[in-house]
Amino acid sequence: MNYPTRRPRRLRLNSVIRGMVEENHLEIKNFIYPLFVVEGKEIKKEIPSMPGQHQFSLDKLSYEIQEISKLQIPAVLLFGIPSYKDETGSEAWNPDGIIQKAIKIIKKENPELLVITDVCLCEYTSHGHCGVIEKNGMVNNDKTLDLLAREAVSHADAGADMIAPSDMMDGRVGRIRTELDSRGFQNIPILAYSVKYASAFYGPFREAAESTPQFGDRKGYQMNPANSREAVLESDLDIEEGADILMVKPALAYMDVIQKIKEKFNLPLACYNVSGEYAMVKAAAQKGWIDEKRVVLEILTGLKRAGADLIISYHAKEAAVWLKEGTANLKFEQKPDRSELKPVKIKV
Ligand code: PBG
């Protein structure tokens, strides 16, 4: 009988050894939690396709912010749902708009919680597209840039800490950077949705943000899921234009892209574990088909392993609870069970 001389299983013998040689660590400080805010009062409305996620009216926001802060999640990503929509999405830069008011409330509740705002027009336009629509139904790139820049400045004015453009217009990072700089916001970083695919995984989000396009689709501006070299091109351009952090979105069907962008570029990398990815896990968990906690932690760890430094996820709150429980348990487990360490007797 030929016995193996190399035995990787030795380092899987017990939880202490496994912990010592663990290569990637999931940490709460890398989480970003998305939040949906709506006009109105007394609203905490669950999004049917995203169990556990809600639309909040501003008067219901404080408690949620306290919870996020207690869990030590460092940042939120804000999405606003206005009650008034028009062709150009003018509510997006209203100084008294939903996002602008929400930023102030969050900052009052916890000035240290980093507020990142999604800059896009689809939640604000009557047609649900991410920019200005031409007669032929196409989104006009350059006219849209002016509006996005206005929106970004308005978020910064209201106190946003970081700007995250998600529209996929060409040149928007550069345009927003120039505009922010000229208004004295040189220190506000841009988290660019650099690599954003035209994905079916955004379905539940569009229900949450009430931003489904009224005609056509977003394939004229978001990327083709079949492409990966194009992800490098988009990232290159965003870096040239002044992006501070890159993003790949969605996450799970694009882990090869996460890895590629991480290897090619030296900027921090975020990934967006999107609504459809969340919905699938929740649905299977509700049916009792998967162990939700283990599946969620495995997914998030996988994203880290693929190369994401930051993870935007609707799972962030529950994952934070589980990670905290994990460290609490560790205190009791510090004394390893010696019996596990006993050499295995092999009969020759
Ligand atoms: C806005 C935007 C979308 C998402 C984030 N920002 C929707 C879209 O592009 O249609 C999707 C997020 C998610 O699915 O969780 N453009």
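These legends go with a set of close-up views of a predicted model.

**View 1. The ligand and the residues around it.**
Start with the ligand, which has 18 residues around it. Of these, Lys196, Arg206, Lys249, Ser275 and Tyr314 come nearest. Sorted by type, the shell splits into 10 nonpolar residues, three polar ones and five charged ones. As for the space that the ligand takes up, that is the largest cavity.

**View 2. Polar contacts to the ligand.**
Here we pick out three side chains that sit at polar-contact distance from the ligand, namely those of Ser166, Arg206 and Tyr314. Tyr314 has a polar side-chain atom 2.6 Å from a ligand oxygen. For Arg206, an N or O atom of the side chain is 2.7 Å from an oxygen atom of the ligand. Ser166 deals with a nitrogen instead: a polar atom of its side chain lies 3.3 Å from that ligand atom. On its own the ligand would expose 390 Å², and the protein buries 100% of that.

**View 3. The cis peptide bond at Lys249 and Pro250.**
Zoom in on the link between Lys249 and Pro250 and you find a cis peptide bond, with omega at about -10 degrees. Most peptide bonds are trans. Pro250 belongs to the loop that runs between strand E10 (245–249) and helix H8 (255–264). Lys249, the other partner in this bond, is also one of the residues that come nearest to the ligand.

**View 4. Glu42, with a positive phi.**
Most residues other than glycine have a negative phi. Glu42 is not a glycine, yet its phi is positive, at about 60 degrees. Look for Glu42 in the loop between strand E1 (31–38) and strand E2 (44–47). Is Glu42 buried or exposed? Its relative accessible area is 60%, so Glu42 is exposed, the cut-off being over 50%.

**View 5. Glu210, also with a positive phi.**
Glu210 is another non-glycine residue with a positive phi, here about 50 degrees. The loop that holds Glu210 lies between helix H6 (203–209) and helix H7 (229–241). With a relative accessible area of 37%, Glu210 is partly exposed.

**View 6. Asn14, just ahead of the helix H1.**
Asn14 is placed in the segment before helix H1 (15–20). A polar atom of the Asn14 side chain lies 2.9 Å from the backbone nitrogen of Val16. Asn14 counts as buried because its relative accessibility is 3%, and buried means under 20%.

**View 7. Glu22 in the loop after H1.**
Move on to the loop between H1 and E1, and there is Glu22. The side chains of Glu22 and His25 are joined by a polar contact of 3.2 Å. Leu11 can be shown too: Glu22 and Leu11 are 11 residues apart along the chain, and their C-alpha atoms are separated by 9.9 Å. At 45% relative accessibility, Glu22 counts as partly exposed.

**View 8. Ile188 and Ile163.**
Ile188 sits in the loop between helix H5 (172–182) and strand E9 (191–196). How far apart are the C-alpha atoms of Ile188 and Ile163? They are separated by 7.2 Å, with the two residues 25 apart along the chain. Ile188 has a relative accessible area of 10%, which is under 20%, so Ile188 is buried.

**View 9. Ala320 in helix H11.**
The last view takes us to helix H11 (residues 316–333), where Ala320 is found. Ala320 counts as buried, with a relative accessibility of 0%. Asp59 serves as the reference for distance here: Ala320 and Asp59 are 261 residues apart along the chain, and 25 Å separates their C-alpha atoms.

How values were computed
Residues are numbered from 1 along each chain as its sequence is written. This is a predicted model: local features need pLDDT of at least 70, side-chain atom pairs count only at pLDDT 80 or more; totals for chains, interfaces and linings use all residues. Side-chain values use heavy atoms; hydrogens and water are left out. A residue is near a molecule or strand if one of its heavy atoms lies within 4 Å of it. A polar contact is a pair of N or O atoms within 3.5 Å; within protein, one must be able to donate a hydrogen and the other to accept it, and residues adjacent in sequence count only if both atoms are side-chain atoms. Accessible areas come from the Shrake-Rupley method with a 1.4 Å probe; for residues, only the protein chains shown count as cover. On a 1 Å grid over the protein atoms alone, a cavity is a set of points where a 1.4 Å probe fits but cannot get out, and a pocket is an open set with protein on both sides within 12 Å along at least five of seven lines; lining residues have an atom within 4 Å of a point. A molecule sits in a cavity or pocket if more than half of its atoms lie within 2 Å of its grid points. Ala, Val, Leu, Ile, Met, Phe, Trp, Tyr, Cys and Pro count as nonpolar, Asp, Glu, Lys and Arg as charged, and the others, Gly among them, as polar. Helices (H or I, at least four residues) and strands (E, at least two) are DSSP runs, numbered from the N terminus. Buried means under 20% relative accessible area, exposed over 50%, partly exposed in between (1.4 Å probe, protein chains only).
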